[in-house]
Each structure stands twice: as structure tokens, then as C-alpha cells.
Amino acid sequence: MTTPTKTHLEVQKRYGEFAHSEGACCAPHNTLYPLAALQDLPADIASFTAGSGDPVTPARLQPGETVLDLGSGGGLDCFLAARQVGAGGHVIGVDMTREMLERARKNAERIGLENIEFREGFLESLPVEDNHVDVVISNCVINLSPDKPQVLREIFRVLKPGGRLSVSDIVTNRPVPEEHRKDTEDWCGCTSGALPSSEYAEELRKAGFVDIKLEPDLDVARQAIDQGQIQAPEEMPGEALLQQVLKWETCDKNIFLPHLISARKSA
Ligand SMILES: C[S@@+](CC[C@H](N)C(=O)[O-])C[C@H]1O[C@@H](n2cnc3c(N)ncnc32)[C@H](O)[C@@H]1O
């Protein structure tokens, strides 16, 4: 078991408080997921998300698969995954924050999903056997870890040969300056802990993954611009701002953008 660092404790405190709140921390649920996926879920469950995108739809889950959700929070992605893998499949949510686990377990019971369990644990030492899962999903969590290379090694360990990764996460264009990395508020708010895109890809490669892809999540970025979460230095129409943001290699400031990340463990 990982000994929690100061960062873990700060993140736990932030999301322990969030677990008692009503809802969306970054983007509203109905802008992250296809509406059809949320249908039939009680409104308070469908709207409780602290995610940066939708890692479930691109995972193309198949009936019977075993899925692991890292940093499962209130459980929304687990609930969506559990319906897709069906009674013959299994979903495991892992989170280190007890309040989140309690909320997720209660909600799973309310919905009547039996192919799902929530385990308390750290991403850096996952409470899951080697070669056990077909798909790892995660939504706006890996950026919060103080040891991302270790998290990626753990994902590789628990995936079956041929298993895949489908992650939504905040990624940046250049290393975050040390001073900013010490900003607890921004770390817990999923920005200052973000990895540069090239470093994320390199760490995935070092952990053993192949077919690595990191792509900006343009739908979520457009919504963030519309909601004023991404701001231009001067007045700029949304689409022009997005085009500007996407030329981020040339920008000398950090830009933080939701990305969809996929990779595979060789068969
Ligand atoms: C931003 S929230 C996202 C929750 C959920 N994935 C969602 O989309 O709503 C981050 C979650 O990850 C958990 N978390 C963060 N770092 C973790 C770590 N190192 N180990 C285990 N859980 C972690 C937090 O407790 C919190 O529930």
C-alpha cells in the first residue's frame, strides 16, 4: 500500500468535500456524454461528475469484458461501463477517497447494478491482480497523481495481454514551472499537475504500451471556451480561439486541454 503523500492528502480533502456536493466540477455532464448514455439514470447520479471528458464511449466496451476505472469518484463512468459489459462482465472502481466510495456504492445499489464493485486504494499501488482486466478507463484523475510513471506501470501490470487503455485527462503543452506545480489549489483543480503531451506519450511508451494516441478533446475544449474556462488574451471568437489554442507548441505559456488518450498492451 502506498503511503499517502502530502499531495494525496490534499487531493483527498478536496474530493472528500466534493463528494457531498451536487454536481459537476469542470464541465456539465450533458456536455461530456452522449445523452442516450445518460438516459434512465436518476438525474442526481447522471449529473455528478468531476470528469474532463468521456472515456467510456471511445473504449468500445464489449459484453463480458472486465473494466477498471481509476479514480472512480461518484461512479458515473462505472455505471455506464457496467451497462455496456452486461451481466457477464465486471467493473471495478478504485478510489482513495472514502466519501466518494460511499457515494458510488450507494448509487450502484440504487440503480441495481450487481456487476460492479468499488475498492479503496491508490492508483500508484492498485488493489488488483496482475493481467486481470480487459480495459482501463479513467476520467480526469492521472494528472492528480504525484507519481504518474508509477500509475502507468500499474495500469500495464493489471491489464491482460492485448488489453487497452481509454483515458480522459488534462494535458499541457510544456512543463509546468516548479512554482506553479506547488500551487495546491491548481493541482487539486486538475491543472498544475498536468504532464506535457510529449512526456505523457513517452511515459506510456516506457511503461510498455504500444499504439499510443493523445488527441485534444475538441468537443470539450469548445464547450470550455464557450463557458469562458479557456480565455484569450484579447476578444476572439470561439472557433478562432480554439485554432489558436491548438497551435500550442508555439505558445510560451502553459495551456491546459482535455485529451483523449488510448494505448494497448501487446498481446
Ligand atoms: C477529478 S475527480 C474525478 C472523479 C471521476 N473519475 C469523475 O469523472 O467524476 C478525481 C478522483 O480521483 C481520486 N484520486 C485522485 N488521485 C488518486 C490516487 N492517487 N489514487 C486513488 N484515487 C485518486 C479522487 O479521490 C477523486 O475521486
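**Close-up views of a predicted model**

**View 1. Lysine 206, an exposed residue of helix H10.** With 12 C-beta neighbours inside 10 Å, lysine 206 counts as exposed. The cut-off for an exposed residue is 12 or fewer. Lysine 206 is part of helix H10, which runs over residues 197–207. Proline 149 is 57 residues away along the chain, yet its C-alpha atom and that of lysine 206 are separated by 8.4 Å. As in every view here, the model is predicted.

**View 2. The whole chain, for orientation.** The chain holds 12 helices and 8 strands. Its radius of gyration is 18 Å, close to the 18 Å that the globule rule gives for 267 residues, so the chain is as compact as a globular protein of that length. The C-alpha trace spans about 50 × 40 × 35 Å along its principal axes. Of the 267 residues, 44% count as buried. Take the contacts between residues at least 6 apart in sequence: 74% of them join residues at least 24 apart.

**View 3. The shell around the ligand.** There are 26 residues around the ligand. Which of them come nearest? They are Gly51, Gly71, Gly73, Thr97 and Asn139. Two elements give two or more residues to this shell: helix H1 (6–18) and helix H5 (76–85). H1 gives the most, with 4 residues. By class, the shell has 12 nonpolar, 11 polar and 3 charged residues.

**View 4. Helix H5, largely enclosed.** Helix H5 also appears in the ligand view, where it gives two or more residues to the shell. Of its 10 residues, 8 are buried, so H5 is largely enclosed by the rest of the structure. The buried residues are Leu76, Asp77, Cys78, Phe79, Leu80, Ala81, Ala82 and Val85. Asp77 is on that list alongside Leu76 and Phe79. Glycine 86 follows the helix, and its phi is positive, near 70°.

**View 5. Helix H6, with a buried side and exposed residues opposite.** Helix H6 covers residues 98–111. At 1.5 Å a residue, its 14 residues should span 20 Å; the end C-alpha atoms are 20 Å apart, which agrees. Met100, Leu101, Arg103, Ala104, Asn107 and Ala108 are the buried residues of H6. Why do they lie on the same side of H6? They cover an arc of only 165° around the axis, which puts them there. Arg98, Glu109 and Arg110 are exposed on the other side. Arginine thus appears in both sets: Arg103 is buried, whereas Arg98 and Arg110 are exposed.

**View 6. What packs against helix H6, and what follows it.** The buried residues of H6 pack against several elements. Among the helices are H1, H4 (43–46) and H5. The strands are S2 (90–95) and S3 (116–120). H1 and H5 also give residues to the shell around the ligand. After H6 comes glycine 112, with a positive phi near 85°.

**View 7. Alanine 267, beyond strand S8.** Alanine 267 is found in the segment after strand S8 (256–264). Is alanine 267 buried or exposed? With 8 C-beta neighbours inside 10 Å, alanine 267 counts as exposed. Leaving aside residues up to four places away in sequence, alanine 267 touches Pro161 and Gly162. Glycine 162 is 105 residues away along the chain, but its C-alpha atom and that of alanine 267 are separated by 3.9 Å.

Note on methods
Residues numbered from 1 in each chain as written. Predicted model: local features only at pLDDT ≥ 70, side-chain atom pairs only at ≥ 80, totals over all residues. Buried ≥ 20, exposed ≤ 12 C-beta atoms within 10 Å, placed from the backbone. Contact = placed C-beta atoms within 7 Å. Near = placed C-beta within 6 Å. Nonpolar A, V, L, I, M, F, W, Y, C, P; charged D, E, K, R; others polar. Rg over C-alpha atoms; globule rule 2.2 N^0.38 Å. Expected span 1.5 Å × (residues − 1). Arc of directions from axis to C-beta.
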